[in-house]
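Please load the model in your viewer and keep the sequence panel open beside it. The tour below moves from selection to selection, and each stop says what to pick and what is there.

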Amino acid sequence: MMQTAAVAFKTPTNGQNDLFFKCEHCGIPLVVPATAAGMTLKCQRCGQPTTVPRSAPASDAARRPAPVTAERVAELQRHLKENESQRTEINGYINQLSIQLHRWQLRLQTLNERNKELTGEIGGVSGAGNSQLPG
Ligand SMILES: [Zn+2]
């Protein structure tokens, strides 16, 4: 492993190519460019040589928001339960209304058929050539 002091510590920018890790000796959080992975650097604070991790497990941990607490989980589960019961309720409404809609469609169909019968009958009564009602 090559030892170098050429790589400068940096302040985190967009985080895209930064490696976040902690000094092996004093534990201070350090940031280096991703190109420094695997190198041994002198700590900014304590001056001891510390190894930059190759893969960056510390990087993910540093960028992740605060760990999910049991309280948060309980809260989320409560929200989920609420959401679930509201979905059930609304699905019930939709089902009811679908049934009602279907009934009305059948009723309208019956009425349409009755309408044809009646107009046909009137056309038959009023006689030759005139199959349509005026207006
Ligand atoms: Zn240190």
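Two residues are said here to be in contact when they have heavy atoms within 4.5 Å. This is a predicted model, in which local features need pLDDT of at least 70 and side-chain atom pairs count only at pLDDT 80 or more, while totals for chains, interfaces and linings use all residues. Residues are numbered from 1 along each chain as its sequence is written, and side-chain values use heavy atoms, with hydrogens and water left out.

**The whole chain**

Begin with a cartoon view of the protein chain, coloured by secondary structure, which shows two helices and four strands, arranged along the sequence as β-β-β-β-α-α. Helices (H or I, at least four residues) and strands (E, at least two) are DSSP runs, numbered from the N terminus. Of the 135 residues in the protein chain, 17% are buried; the term buried means under 20% relative accessible area, exposed means over 50%, and partly exposed lies in between, with a 1.4 Å probe and protein chains only. A surface view of the chain exposes about 10,800 Å², of which carbon and sulfur atoms supply 55%; accessible areas come from the Shrake-Rupley method with a 1.4 Å probe, and for residues only the protein chains shown count as cover. Among the contacts in the protein chain with a separation of 6 or more, 36% join residues 24 or more positions apart.

**The nonpolar core**

Next, select Leu19, Phe21, Cys23, Ile28, Leu30, Val32, Ala36, Met39, Leu41, Cys43 and Val52 and show their side chains: these eleven residues form the largest nonpolar core. Strands β1 (18–22) and β2 (29–33) are the elements that give two or more residues to this core. A nonpolar core is a set of buried Ala, Val, Leu, Ile, Met, Phe, Trp, Tyr and Cys residues joined through side-chain atoms within 4.5 Å. As a general background, nonpolar side chains tend to be buried together in soluble globular proteins.

**Thr50 and its surroundings**

Keep the core displayed and add Thr50, which is found in strand β4 (residues 49–51). Is Thr50 buried or exposed? Thr50 counts as buried, because its relative accessibility is 0%. Apart from neighbours within four places in sequence, Thr50 is in contact with Phe21, Lys22, Cys23, Glu24, His25, Leu30, Met39, Thr40, Leu41 and Cys43. Now draw a distance between the C-alpha atoms of Thr50 and Lys22, residues that are 28 apart along the chain, and the viewer should give 8.6 Å. A further distance to draw runs from the backbone nitrogen of Glu24 to a polar atom of the Thr50 side chain, which lie 3.0 Å apart.

**Pro53 in the loop**

Move along the chain to Pro53, whose place is in the loop between β4 and α1 (57–63). Pro53 is partly exposed, because its relative accessible area is 23%. Leaving aside neighbours within four places in sequence, Pro53 is in contact with Leu19, Phe21, Ala37 and Gly38. The C-alpha atoms of Pro53 and Ala34, 19 residues apart along the chain, are separated by 9.7 Å.

**Helix α2: a patch and the salt bridges**

Then select Val73, which is found in helix α2 (residues 70–126) and is partly exposed at a relative accessible area of 34%. With Val68 and Leu76, Val73 forms a nonpolar patch on the surface, and together the three have about 240 Å² of accessible area. Patches are made of residues with over 30% relative accessible area and no salt bridge, where like charges are joined within 9 Å and nonpolar side chains (Val, Leu, Ile, Met, Phe, Trp, Tyr) within 5 Å.

How many salt bridges does the structure hold? The structure holds three, each defined as a side-chain nitrogen of Lys or Arg within 4 Å of a carboxyl oxygen of Asp or Glu.

- Select Arg72 and Glu75, whose closest N and O atoms are 3.3 Å apart in a salt bridge; because they are three residues apart in helix α2, about one helical turn separates them.
- Select Arg87 and Glu84, whose side chains meet in a salt bridge at 3.3 Å, N to O; both lie in helix α2, three residues apart.
- Select Arg114 and Glu117, whose salt bridge has an N to O distance of 3.0 Å; Arg114 is partly exposed at 44% relative accessibility, and Glu117 is partly exposed at a relative accessible area of 48%.

How values were computed:
Polar contact = N/O pair within 3.5 Å; in protein donor to acceptor, adjacent residues only side chain to side chain.
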